[in-house]
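Ready for a few warm-up exercises? Have a look at the structure below, try each task yourself, and then read the worked solution.

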There are 2 protein chains.
Amino acid sequence: VLPGDNLQQSSPIPDTAQTDKERPTDSAGKAGLPRVVVVGSGFGGLNLVRGLSRGEVEVILLDRNNYHGFWPLLYQVATAELIPDSIAFPIREVVRKYHQVTFHMAEVCDVDLQQKQIQLQAGPPLAYDYLVLAAGSTNNYFGNETTARNTFSLKDVDQAVEIRHGLLKAFEKASLEPDLNRRKKLLTFLIIGSGPTGVELSAAFAELILPLVRKYYPALADVPPRIILVEAHTTMLESFPKGLQKKAQQHLERLGVEVLKNHEVTQVENGEITFKHGSKMQAGTVVWAAGVRASPLAEKLGIKLAHGDRVPVEPTLNLQDHPDVFVIGDMAYLEGYKGGQQSYPGVAQVAIQMGERAAKNILAQVEGRPMKKFHYLDKGQLSTIGRKDAVADIFNLQLSGLLAWLVWAAVHIYYLLGMRNRLLVMLGWAYNYLTYNLAMRIIGGASNRKENQ
Amino acid sequence: VLPGDNLQQSSPIPDTAQTDKERPTDSAGKAGLPRVVVVGSGFGGLNLVRGLSRGEVEVILLDRNNYHGFWPLLYQVATAELIPDSIAFPIREVVRKYHQVTFHMAEVCDVDLQQKQIQLQAGPPLAYDYLVLAAGSTNNYFGNETTARNTFSLKDVDQAVEIRHGLLKAFEKASLEPDLNRRKKLLTFLIIGSGPTGVELSAAFAELILPLVRKYYPALADVPPRIILVEAHTTMLESFPKGLQKKAQQHLERLGVEVLKNHEVTQVENGEITFKHGSKMQAGTVVWAAGVRASPLAEKLGIKLAHGDRVPVEPTLNLQDHPDVFVIGDMAYLEGYKGGQQSYPGVAQVAIQMGERAAKNILAQVEGRPMKKFHYLDKGQLSTIGRKDAVADIFNLQLSGLLAWLVWAAVHIYYLLGMRNRLLVMLGWAYNYLTYNLAMRIIGGASNRKENQ
């Protein structure tokens, strides 16, 4: 185990007793530079790394996946509009241009703030001079393990592919099912939670499922599929202005989505959904999009966490009493959003701008300058509703319909990493738009979980 | 349970007690026609269905997947050259144009030749008038369960994706591994079996792996990756002419593949390969491409099977004493290849032509004409060796090098189903050819099996 201040040891993954020959060699030449360990390569982590690339620091970037996921388009992977590769970008491709950055695919399982080191799932501890936690968020089932087991979710590429396979399988099963009630259940698709994820997913479900049945499953013509969006509270798209909430609901209903507000789900088991006020409902496919919490890594810090297990940070984004440890993006809890006591939301723009600020503050410390507070430039929020409508609340403008959709498409293509991926996304969209041949895709083997069928 | 001769019952999946309202409706209008049940939608099954589409029969096509896999290009999915969707074609898209064909995604678990019905994994038995088994082949480990568990294989899309993930993971693990010997092991890739699959895969591995390391894993520069092709016998590409065998080996070695003949593998466990003559070898990734046997469905017929568990058929492709039951493609055992006592090999061309012949023979029976014997037009054989070489033995011409590769590419694009897939394959190839950016793709969650790492 190496002490945190041993800067002579520059192997990316320090190990105890080995000759130079046996040591991975890509860290040569970085000796003596302060080492920044970054956990997570989402919007926050990658923008931080980019910001650090201007400074005299060694950077070790860790992620449990080998790709950066462009999650705002993930729902389109779930509904077979985009292939997974078009929204996932290999991190080694990104960091190749920064000679002082090393990437490792590895999962972090513990953090020791006193010893200034982290523990990976395999191998010896890794010492840091500065640590940035940008590991994002995970689903919040509010302690309900049964619901977690019985619902799909949409937090990474594998889960999106599972939803895709689950959808297609539901139709295959329904077409073999002689019992009418079971057939109805198989063709009921329920999405829990009406934030942007729930809204975008349910609209995409409607656009996928209804033409699919007409075209490929004539045997199912007697059972119209139902797509139901369930919201516990009185408003959908809670963070949007009232006018856009209403527009969004109109757009959804026009696509064939049933919107069910004031319905809090307490249990999902065997395809039966139980609501708090007592009623029940049957659905073959249930997706959980109702809440997130910070990555479990937050719990390893041994400090009191805020709402949603997020880590309270100073306005300079570091931990109180730990100027060397930063937390950014979905993991961070910082009040001051819209100038008030609200905390900054877990959206890409906040993570990007926090990454930029944290990079500057680390370099400020390295270079002996004072850190600055995080200042957020709110660029607004967007949510699509299908393939030609959206709602947009940007720079004090409230848009809806096709214009909002075009803004949404332009923004998302602009932020997608890599020419190849931009091209793939545009080709995929163009192809789908022209042919309406969305969904007849293949069912792989990963879809054996969470079937209530 | 319905008797096999009850042709009034025309629901695709007969069930015992239901009203008309509850019954899947797509079988309306097919009542009274003889029912042909086809198991498997590979080259044999699909060409059979196409042949039957000219006749007065009801066809029920079953497959455990919802897609037709174009297996000759599967190795390119394993090496990240093609996305899975470009070689997998949705069966419902194919059968949509034939109004008398119904498809169901279902696995057949038993066959009752006397009652003339088959049993699906779920639901009541399905009666047939004619049955065609075209369920293909599976890996043959010759009873060695340990080897089966510890090797990758390449028989479907999921397995190809597993190989892809396994390869990429090996590099990530190696770059975190301080021990030189373990690093060497992780970077040793062994392919067992030097038929076309083994040859194509090992060449593609070499073209994938060597540039990958140079470009993205500078830390691994001290351990050159090894790609080893192992063959139990004295010749590789056994079915090819001697001259082409030699050329193929030269091409492979030029790409950096080590060819190890006369090495029969007896065990693979914990990344240790044991050979029959006693020596051992370490490899982190092992792929089994050494043998196939007929689908386990063959065993359900209750008749004596031939070499490789294949089902002996009459020259008219039906079972002896069962003119209503046909077996085609990889599942069928029929002598007469090249005019001699050799059985027809398990290749796409044989399956295609058997499918066409079986369709004609079923329609002959339906229409009261005599059946004809299977006659094979041998179009030759092809195997690529990387991205610009191949060997081709076609119409008495023996080609190698770029010309053979162009023939190979043209033939495979010609046989790929669907314009979209042809386009995807050509775009994929062009992109890879131009950028050499083959492999930096994403690692999904399905890759937790068969790691000897």
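**Exercise 1.** Keep in mind that this is a predicted model. Find where B:Ala80 sits in chain B, and work out whether B:Ala80 is buried or exposed.

*Solution.* Step one: B:Ala80 belongs to the loop that runs between α2 (74-78) and β4 (88-90) of chain B. Step two: its relative accessible area is 9%, and the cut-off for buried is under 20%, so B:Ala80 is buried. Step three: check the backbone. Phi of B:Ala80 is near 65°, which is positive even though the residue is not glycine. That's worth a second look, because most residues other than glycine have a negative phi.

**Exercise 2.** Now do the same for B:Asn262: which loop holds it, and what is its relative accessibility?

*Solution.* Start with the place: the loop between β14 (257-260) and β15 (265-269) of chain B. Next, the backbone: B:Asn262 isn't a glycine, yet has a positive phi of about 60°. Last, the surface: with 46% relative accessibility, B:Asn262 is partly exposed.

**Exercise 3.** Work out the strand order in the open sheet that three strands of chain B form, and say which strands stand at the edges.

*Solution.* First, the order is β6-β7-β8, with antiparallel pairing. Then look for strands with a single partner: these are β6 (108-112) and β8 (126-127) of chain B, so each has one side without a neighbour in the sheet. Finally, zoom in on a pair: β7 (residues 117-120) and β8 of chain B are joined by two bridges. Across from B:Gln117, the bridge partner in β8(B) is B:Ala127.

**Exercise 4.** Count the aromatic pairs over all chains, then classify the pair A:Tyr344 and A:Tyr376.

*Solution.* The count is 26 aromatic pairs over all chains. For A:Tyr344 and A:Tyr376, the ring centres are 5.5 Å apart and the planes meet at 75°. Planes over 60 degrees apart count as edge-to-face, so that is what this pair is. Now place the two residues: A:Tyr344 is in the loop between β25 (342-343) and α9 (348-366) of chain A, and A:Tyr376 is in the loop between α9 and β26 (381-385), so the pair ties together parts 32 residues apart in sequence. As for accessibility, A:Tyr344 is buried at 9%, and A:Tyr376 is buried at 11%.

**Exercise 5.** What kind of aromatic pair do B:Tyr414 and B:Tyr415 form?

*Solution.* Their centres are 5.2 Å apart with 85° between the planes, an edge-to-face pair. B:Tyr414 is exposed at 58%, while B:Tyr415 is partly exposed at 28%.

Key. Residues numbered from 1 in each chain as written. Chains lettered and ligands numbered in written order. Predicted model: local features only at pLDDT ≥ 70, side-chain atom pairs only at ≥ 80, totals over all residues. Heavy atoms only, no water. Helix = DSSP H or I, 4+ residues; strand = E, 2+ residues; numbered from the N terminus. Buried < 20%, exposed > 50% of the residue type's maximum accessible area, 1.4 Å probe, protein only. Pairing = 2+ DSSP bridges. Phe/Tyr/Trp six-rings, centres within 6.5 Å; stacked < 30°, edge-to-face > 60°.
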